[in-house]
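Work through the following exercises with the sequence and the model open side by side. Each task is followed by a solution that proceeds step by step.

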Amino acid sequence: MAAAESDREVPSALCTEFLNFSAKDTALKWLQVTDLYKEVYQHLARYVPKIYCLGPNLNPQSEDLLAQLLLQAPLEWYLCGEDPSTGLAKLEQNNQPSQLCGHVFRVGEPTYSCRECAADPTCVLCMQCFLGSVHKEHRYRMTTSGGGGFCDCGDTEAWKKGPYCQKHEPNISDSCQEDPLAHLSTDMIARCYNVFAIVLKYAVDMLTWDKEDELPPGLEPPDRGDTYYCMLFNDEVHTYEQVIYTLQKAVNCTQKEAVSFATTVDRDGRKSVRFGDFAFCEQAKSVIVRNTSRQSKPLRVQVMHSSVVAHQCFALKALHWLGHVIGYSDALRRILCQVGLERGPEGENSSLVDTLMLCDSKMWKGARNVYHQLFMSSLLMDLKYKKLFAIQFAKNYRRLQTDFMEDDHERVVSVTSLSVQLFTVPTMARMLITEENLMTTIIRTFVDHLRHRDLQGRFQFERYTAQQAFKFRRVQSLIGDLKYVLISRPTEWSDQLREKFLEGLDTFLELFKCMQGMDPVVRQVGQHIEMEPEWEAAFTLQMKLTHIISMMQEWCATDERVLIEAYKKCLTALTHCHSGFTDGEQPITLSMCGHSVDTIRYCVSQEKVSIHLPVSRLLAGLHVLLSKMEVAYRFPEQLPLSELSPPMLIEHPLRCLVLCAQVHAGMWRRNGFSLVNQIYYYHNVKCRVEMFDKDLIMLQAGASMMDPNHFLMIVLSRFELYHIFSSADCRKSYNRENTNKDVVQQNNTLIEEMLHLIMMVVGERFEAGVGQVEGCDEIKREIIHQLCIRPMAHSELVKALPENENKETGMERVIDCVASFKKPGVTGRGLYELRPECAKQFNLYFHHYSRADQSKAEEAQRKLKRQNGEDMALPPPMLPPFSPLFASLVNILQCDVLLGMLGAVLQWAVEPSGGHWSESMLQRVLHLIGMGLLEEQQQLKNSSEDHDVSFNFTLKISRPGEAPSNTASVLALLENLQNAPHLEVHKDMIRWILKMVASIKTMRELTASTYTVTASGSHGQEEMVCDKDKAERKRKAEMARLRREKIMAQMSEMQRHFINENKELFQQSLEELYASASTSTSLEHSPTSSDAALVCVGPRRSRPREKRQVVTCILCQEEQEIRADSKAMVLAAFVQRSTVMSKNRKRPPHDPEHYDPLFMHPDLSFGTHTGSCGHIMHSHCWQRYFEAVQAKEQRRQQRLRVHTSYDVGNGEFLCPLCECLSNTVIPLLPGTKGSNSCEQPGLGQWLKISGQQIKAMHSAHRKLQPVGVDAVEEQCPATENFRIDYTPMSPYSSTIKEMLTTFGTATYKVGLKVHPNEQDPRVPIMCWGSCAYTIQSIERLLVDEEKPLFGSLPCRQDDCLSSLARFGSACWTAASQPSVQGHYIRLVAALIPDPQVETSPCILDIDMLHLLVSVVLSYGSVHSQDSSGLSVDAVQLHFFHLITVAHMVQMLLTSGPEEVTMEQESGGAEREEEEDICALYNTLRTHLGSSLPEVASGWHLWRCVKTGILPYLRGAALFFHHLNGVPTPPELHALCPGQWEVLCGYLSLPSNLLQLYHSQKELLEPLLYGWCSHPGVRQTLQGGGVLVSFPRESNSLIDLPDDYSALINQASSFTCPKSGGDKSRAPTLCLVCGSMLCSQSYCCQTELDGEDVGACTAHTFACGAGVGIFLRVRESQVLFLSGKTKGCFYAPPYLDDYGETDQGLRRGNPLHLCRQRYRKIQKLWRQHSVTEEIGHAQEANQTLVGIDWQHL
Ligand SMILES: [Zn+2]
Ligand SMILES: [Zn+2]
Ligand SMILES: [Zn+2]
Ligand SMILES: [Zn+2]
Ligand SMILES: [Zn+2]
Ligand SMILES: [Zn+2]
Ligand SMILES: [Zn+2]
């Protein structure tokens, strides 16, 4: 108390001064003065240090309050000239708000972008605007914001249509051009201007202030003390752990405080860690610096005077205030913009806004964030000033980026990140290009920051350091800016724009020249390379630039003049790059087949070659555009076509392609993985558009301008195959003398690759401009070829297709014409299947197939053909014609060199000579021939009447080979091959070719004679042949099918035989299989005789089916009968704590050491569940198995510290058969034999006997107590039939006894979370409890699944329940008899008041099923000493009836007030029950008086009781059925009416339950009175305890919204509960109770049993007794946790429209709740299978085992 008061002393001294302060007077004074600036500064100098930063612990609330009163209020008064509350309200009223929404996103908030209407993907809407917009009906993308950025609603440039939501729809009457200042008085404008100028200047002065001990002039404090702060700043170099560790040392704080400091430093960018005099702070500083400077630059620390810190605090506050005030009026906003951008005294770029931007990287994070926010709410919201600001931003661009590069903070907290807001506005981007030359600036800045070059000036990333790598990553953001600038293409070009764009292109080409030929490789021979060269940097650069390159081309495509100029520039650049083209490379002449060509000698395998050729590729792209836009035909005179040297154009791309071929051929193995990776990316979907694809186009462009023979000879030469095909006798032998197998193999692969390349050059015509196709044909073809491999999910297809700069693949437009969608089930995902009619477009040699894709597709397509009964040939598909510029490419097919090569390969195939050819080679040759034939057929069909088709492939292949002597023609060779026995697979293809040749010949002949019928005629003929062929094949296929079926039948017959012989082996698995089908179970349950009604409890109970129970051990396969005296058989079991049925999750966990579990509260808050996979073993077999597992684990842990999915130390193991997680075993026990009892005592008689027995036990137990409490030695009431001294013999064999202890101890250990102690008297209680809880949970499950009570459970659950019940009735034999009897006595006392038992719970605090199960199971220990002939059955029945009455009373006491329902009418059928229940109720009222409300009719009461008691009765039926082994009535095997009567009958109850009471009224009346008079009853009824009403509803997982973004939104406003309003990074939702948690974060770690655990694990222990089900909202991922060490991720119940989940929220498709899947998760939870599921997941995926689940 005293301390608190002395603390308050300082401020209270100030208080008087503060109280006397008048904001109004101060403002009035200010209005008079001439130098307002000086006056205000004086005011601030005086007050700010008195308000802020007065001690070590800041108090932001009171600081802000004082700041509001003393600092802001006078400013507002001055501004308004009147009371600000009225003044600001007026402003707001007159305001015409901007149509821009401008909502600034929080971290994690959902944002929406329309994929149809957004100008680019950076245009986003906030949730509110989105829901009110037209786009919610469109195809949209949903993402979570990384913070910063704002809603673009209302920005007409951001949206192609629907720019406004309903809220921001402009009012048509408003003219938006109006100047907002028009509504303001000049006075007001002037005042406003003054205030803003001073305040903004002050804020800028203070935030950019870098002196630690001084203040700017005018702000010096009147009195300054020796008070300093030691300020710690954030950096991105040191880790959290380092900072925490250092702080603990430096300022001597606890770890907790250090964590909090570190968190704040990370969030705000700085935090004072010490307050005191200068020396004190300086000392802390030196420790921090010393401690953190070892490996890196030290943490930044400053010792700052408190007044400096105070002013900086207020400066931030002032910026907030400005942002707040301009929110009232657009006019004020505009004035602030004007103030901010006004040029300062230092001229250009000296405005306050400039000053802030240019000091950005020097400010701490918190300050940056605040001023960035102000920029967003001011400059960016005013369209006029946004432009001016953009210009300033562009002017400063280079410096800002350089500062950013030097800084180490993330980009989101850099002012450079505002570029996205400015550059993506199309008009703005264009203005900045033309006026500020922005494009050039960006590229220049970029190039300047990449400094590592080689001698030729090319980039060199080979040896770059971590530091450089870091810079390289930062510099990449510039490419992002360039992308923004280019993302919207101009619709109109001005001359200025052309000029600046081309200037930008020039700079861009400069960049490209640095890349052309970078990172060259040389083939390593002999030795393997020593160090993998760095390759990623170059590829990162290429990848980042990919979209830029494409966009540049698209810009060029919008203007012919630009295109022509760009083409020229690019060609010049290429020529420049290749100026040394032939240097040192000897010219040679190649000749073949009568053709010859000059080229150079160059071997890829011997000289330098580079994969990076951006200049060539850009030229290729532009060349295609020339063709596509027909510029090449319309303005040939403007193009430098004559300068083109085709061999030069193709040279480098060809080398690159040859490199790939050689790598495939294994020639570059010694160059290591870096080359393999480069080749991979070269073809990869992320790069190929601007790499591989363009190289191919360049080859096509070059080849189209060359003689095809020349082209092919150069290709042969670069492939280093020229010598093979040019040799005179190449047909005869190729390398026959070459015995080096490797070389032969290499050459084979090279030939295959080369043939493939030729196919691609001639066949790839789907790029618009190369071939005559539409834009969408290309994408269609890609999809078709993906789906030819197999059906694919939407996301798989997206991944296989290139995305453009807008992250679109264009797939949606065409997918439906090539594929059909198949919806997913409860698991799996939706799939697209290829439409059958599209299969004919399949090209086996599709250029984007990898080798793996190709063989998979081939297999799939052949299989499809086989299924359709078609031939197996996979001929090339029909192709679209080439564009004129490329048309000459077809001639490659019929040129002499190619025919020579084809002939050679065919000849080799005819005479295979020891592996010097390959089937793939032949297959490619056949494909090429097919292409030639199709081309000819196509041309013939399309030729006009008198036009002669010059393409005559059939003629060429019919001609004999030319050189050297006359050799067989291609055609002749094919005919020859048709019968070759070794070419079976290719026969269909050869046949197809020959048929084509025939059909084309017919076509030609017909054309020659009568043209008119040609096409259709020949076609018809061909078809006829086809049909006949088809029929034949169909017949064969049918026969094959019949044969298959016959074999299958034989096989299954054999199998059946086998099963019969090995019956036991299959027993288990079959049972599992059919368990739910109930065929096997219903047999067992079928009644013995149909006429006798079945009864499961009491003296009249039906006899159990007497059958020997024989089971088989899964480990040794031996059979064993279940008998008390035989070897123990056990069931693998898993015991776990559970809160699944809890009705009270707020109940704190019990103290395990002192908790008394005898009575279960009806809220069922904690239970123990036992489950089993149903697999049976000998106990000794299991023990041996478990010991082996233990030993193995020990060895494994010693060796390599691997974790397993189960914890052996904790007794866990996997079932040896099904690998189900288990932690104990339940012994199987024989059923009890029904006692053939004759006369049994009635209730009265029994109560007497029981009372006597209890008395006897009381006294016997008292005797046992060591110190005879001085009580009178009571005479043991002689009950001759109760042998209290008799110690019964356990009927069980030693192994069974042992297992009784094992299971009991396990249940005790797990259920109470204590150390095992088999002596603890609570062991049997826990077992009974687990039996009752498991029964209840299964009963609930059956209701929830709408399944009948009996016959629908899988065997394993039946077995589990039986063994649990029987175990329960036997477990007393393994415990101390007096303690079990003690439990019995206390249990009975809860029903029948017993003066000797002091504390019995009141009837409202007892779960009756638990009581029933416990009392029945514990009775065994009493009965063992009974010799009166009293049967167990009779006792069971009496207890059952008694507890049933108690339960009814319990319900009557808790039945809520009467609900008025319309259907309240009784048909008289249950009139008797209603009257009886009224009578009972009134009796209760006489005992309890007004605590019970009056009830008019019995109808309501009877309804309540009847529905409330049903779960109890069903539970009791399950219990007695399994305990006594009585068969079940067939009516309960189905969900039919009349269940009530059958159930009552089975339980030996009258169907009017009230008769239980009324028939024994006199005996029960005292009990009733006893129950009601328990003080707990009255207390609870008056609201003093937890009142549970019956029936207890099944618990469900929480309701989830249909739209996932609602969850994201909910999570985005969730703040960490521990770190004061901070956003949580991993908000995680508990699906059980709906709590949101701050997971996976330091701030919310807590200690649990001496270990730090994350919020989820901690919550799991409170909410789910160790088991948790969560939804990680940011990840869209379900998390299962169990204990501290187990966990797994599970597919979320949210699917997109394509039936796929989006774990990690990467794709952004809208997600909707799939109720089916959510129900599946709920079912896992309800049936206690979560831990089991985790076990299976971890077994399947070992990486899950290593995760530190407890930190989540
Ligand atoms: Zn909005
Ligand atoms: Zn809006
Ligand atoms: Zn839209
Ligand atoms: Zn065995
Ligand atoms: Zn199993
Ligand atoms: Zn929870
Ligand atoms: Zn937290």
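**Exercise 1: a helix and its surroundings**

Compare the expected and actual spans of helix α14 (residues 365–377), and establish how far α14 is enclosed.

Step 1. Helix α14 has 13 residues, which at 1.5 Å a residue should span 18 Å, and this agrees with the 18 Å between its end C-alpha atoms; the expected span is 1.5 Å times one less than the number of residues, and helices are DSSP runs of H or I with at least four residues, strands being runs of E with at least two, numbered from the N terminus.

The model is predicted: local features need pLDDT of at least 70 and side-chain atom pairs pLDDT 80 or more, while totals for chains, interfaces and linings use all residues. Residues are numbered from 1 along each chain as its sequence is written, ligands are numbered from 1 in the order in which they are written, and side-chain values use heavy atoms, without hydrogens and water.

Step 2. Because 10 of the 13 residues of α14 are buried, α14 is largely enclosed by the rest of the structure; buried means under 20% relative accessible area, exposed over 50%, and partly exposed in between (1.4 Å probe, protein chains only).

Step 3. Among the buried residues are R368, Y371 and F375, and the cover over the buried residues includes α7 (186–207), α9 (255–268) and α15 (383–395), contact being heavy atoms within 4.5 Å.

**Exercise 2: a metal site**

Identify the protein donors of the zinc ion (ligand 4) and their geometry.

Step 1. C1113 (SG), C1116 (SG), H1178 (ND1) and C1181 (SG) lie 2.0 to 2.4 Å from the zinc ion; donors are N, O and S atoms within 2.8 Å of the metal (3.2 Å for Na, K and Ca), and sites may look incomplete, since water is not among the atoms.

Step 2. The arrangement is tetrahedral because the four donor atoms subtend angles of 96 to 116°, the criterion for four donors being that all angles lie between 85 and 135 degrees.

Step 3. C1116, in the loop between β10 (1110–1112) and β11 (1119–1121), and C1181, in helix α44 (residues 1179–1200), are 65 residues apart and link distant parts of the chain; C1116 is partly exposed at 30% relative accessibility, whereas C1181 is buried at 8%.

Technical notes: Tetrahedral: all angles 85-135°; square planar, octahedral: opposite > 155°, others 65-115°.
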